[in-house]
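Student: I have a structure open and a list of terms to go with it. Could you show me how each label is earned?

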Amino acid sequence: AQDEMRVVGAAGGAPWRRGVTYSLHGAPCAACLAAPHGMLVIESGLGAQYPALAAQHDTPLESFHGIAIEGPGGAWTGVLSLLDEQAHADSPADRALLRTAANRIRQELARADDETHLRERERELALARQLTSDAI
């Protein structure tokens with residue numbers, strides 16, 4: 001099981017900055033990964049439910065909307081989340097937007113994975129051509 005997550009992109013303020021690693025213990029992202037369909041919405045009271053998260057912020061956090069991101073192998077690889085200092089009601093439009101964004105991220109991760117495999121294969125073929133021409 002995954003114990004930590006790393007921030008790969010963030011908007012807003014501290015403490016969420018690119019490259020920051022945090023424990024999933026006591027974090028809403030862990031609940032999101034375990035939620036049905038990989039989606040968790042906390043409309044209000046986020047800080048009360050997750051005091052460790054609240055302690056990291058200067059201003060109280062009220063809401064969390066998150067969706068797990070599926071990796072190329074089908075397992076959850078991360079969470080796209082929106083945290084807000086204001087209560088934010090759940091809505092079908094918000095859920096659809098999260099699903100669309102998570103799907104786009106999944107596609108981009110798969111593309112990057114495919115590109116990595118392609119570059120590895122190109123290096124192998126170049127080495128094979130070199131070895132073949134050296135042997136002739």
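Student: Why is His37 called exposed?

Tutor: Exposed means over 50% relative accessible area, buried means under 20%, and partly exposed lies in between (1.4 Å probe, protein chains only). His37 has 74% relative accessibility, so it counts as exposed. This is a predicted model, where local features need pLDDT of at least 70, side-chain atom pairs count only at pLDDT 80 or more, and totals for chains, interfaces and linings use all residues. Residues are numbered from 1 along each chain as its sequence is written, and side-chain values use heavy atoms, with hydrogens and water left out.

Student: Where is His37 found, and what is its phi?

Tutor: His37 is in the loop between helix H1 (28-34) and strand E3. Helices (H or I, at least four residues) and strands (E, at least two) are DSSP runs, numbered from the N terminus. Phi of His37 is near 65 degrees, a positive value in a residue other than glycine.

Student: Is His65 buried or exposed?

Tutor: His65 has 4% relative accessibility, so it counts as buried. His65 is in strand E4. Seven of the eight residues of E4 are buried, so the strand is largely enclosed by the rest of the structure.

Student: What makes the link from His65 to His88 a polar contact?

Tutor: The side chain of His65 reaches the backbone oxygen of His88 at 3.2 Å. A polar contact is a pair of N or O atoms within 3.5 Å; within protein, one must be able to donate a hydrogen and the other to accept it, and residues adjacent in sequence count only if both atoms are side-chain atoms. The distance of 3.2 Å fits the 3.5 Å limit.

Student: How do you know that E4 and E5 pair?

Tutor: Two strands pair if DSSP finds at least two bridges between them. Eight bridges join E4 to E5, which run antiparallel. His65 stands opposite Leu82 in E5, and the bridge partner of Gly66 in E5 is Ser81. E4 and E5 form a hairpin with five residues between them.

Student: What about E3 and E4?

Tutor: E3 and E4 pair in the antiparallel sense over four bridges. In E4, the bridge partner of Leu40 is Gly66.

Student: Why are E3 and E5 called edge strands?

Tutor: The open sheet has the order E3-E4-E5. E3 (39-42) and E5 each pair on one side only.

Student: What makes a space a pocket, and what lines the second largest pocket?

Tutor: On a 1 Å grid over the protein atoms alone, a pocket is an open set of points where a 1.4 Å probe fits, with protein on both sides within 12 Å along at least five of seven lines; lining residues have an atom within 4 Å of a point. The lining of the second largest pocket includes Ser63, His65, Leu82 and His88. Strand E4 (63-70), strand E5 (76-84) and helix H4 (92-135) each supply at least two residues of that lining.
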